[in-house]
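Here are some notes for a colleague who is meeting this structure for the first time. They are set out as numbered points, to be read alongside the model.

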Amino acid sequence: MKLYNSMGPNPQVVRSFAAELGTTLELVEVDIMAAENRQEDYVKRNPGAQLPCLELDDGTIIAEIVAICEYLDDLKGGTELIGRTPEERAETRMWTRRVDLGVCEPLTAGFRFAEGLPIFQDRMSCFPEAADAMKQIARDKLVWLNEQMAGKDFLCGSRFTLADVLLYSFLNFGKNVGQAYDESLTNLHGWFQRVGARASSSA
């Protein structure tokens, strides 16, 4: 399998998840700064033009990070990273969805509409006037998450999951683009340090 890879939090999610599974992926680097992902060769492969995407040995393409991670987990027969029971899988997907909509999407939009505007303004619709609001939405959700994490090691209690991989990858990205989380959110900060200590966090 080949993972079309680049800088940014989305490829980081898949690389970290694969590392947790012990799955080795062949990485094919795509230069997003040079808009290589917008060129015909890549768009033929992935019409969404986003990164990453996974190319299977038979040429099948899987895009969208959650779909890729769930596929990799299925290849292992199902693990705790997604869940071994219907209840665990539902819990993982619930928290993954909450993190994606509440933190990842507004944090990323805030970056694209402000610091990242020179990169993205000619590639997609950008709304600079919404940048501050998007960043505030992410901050507000992190306050809420901090409360939800009380007494828990990870988002799903003692079980480390895709939701944790997703949140860590995007908070780590945020630290590098002017959206560092508030370290006075002690539950969140402790969680971030625990996840950061895992070998997969630097995959």
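1. In this predicted model, the largest nonpolar core holds 52 residues, and the members that touch the most others are Leu142, Leu167, Leu171, Leu188 and Trp191. At least two residues of this core come from each of the helices H1 (9-21), H3 (65-75), H4 (86-112), H5 (117-120), H6, H7 and H8, with H7 giving the largest share, nine residues.

2. Leu171 may serve as a way into this core, since leaving aside residues up to four places away in sequence, Leu171 touches Val103, Leu107, Leu142, Tyr181, Leu188, Trp191 and Phe192.

3. Helix H8, which spans residues 186-196, has as its buried residues Leu188, His189, Gly190, Trp191, Phe192 and Val195. These buried residues pack against two helices, H6 (131-148) and H7 (162-176).

4. Apart from the largest core lies another core, of six residues, which includes Tyr4, Val30, Leu51 and Cys53. Tyr4 belongs to strand E1, residues 2-5, and counts as buried because its relative accessible area is 7%, where the cut-off for buried is under 20%.

5. Which residues does Tyr4 touch, not counting those up to four places away in sequence? They are Val28, Val30, Tyr42, Arg45, Leu51, Pro52, Cys53 and Glu55, and with the last of these, Glu55, the side chain of Tyr4 also makes a polar contact, side chain to side chain, at 2.7 Å.

6. A further point on Tyr4 concerns Asn46, which is 42 residues apart from Tyr4 along the chain, while the C-alpha atoms of the two are separated by 10.0 Å.

Definitions and conventions. Residues numbered from 1 in each chain as written. Predicted model: local features only at pLDDT ≥ 70, side-chain atom pairs only at ≥ 80, totals over all residues. Heavy atoms only, no water. Buried < 20%, exposed > 50% of the residue type's maximum accessible area, 1.4 Å probe, protein only. Helix = DSSP H or I, 4+ residues; strand = E, 2+ residues; numbered from the N terminus. Contact = heavy atoms within 4.5 Å. Polar contact = N/O pair within 3.5 Å; in protein donor to acceptor, adjacent residues only side chain to side chain. Core = buried A, V, L, I, M, F, W, Y, C linked by side-chain atoms within 4.5 Å.
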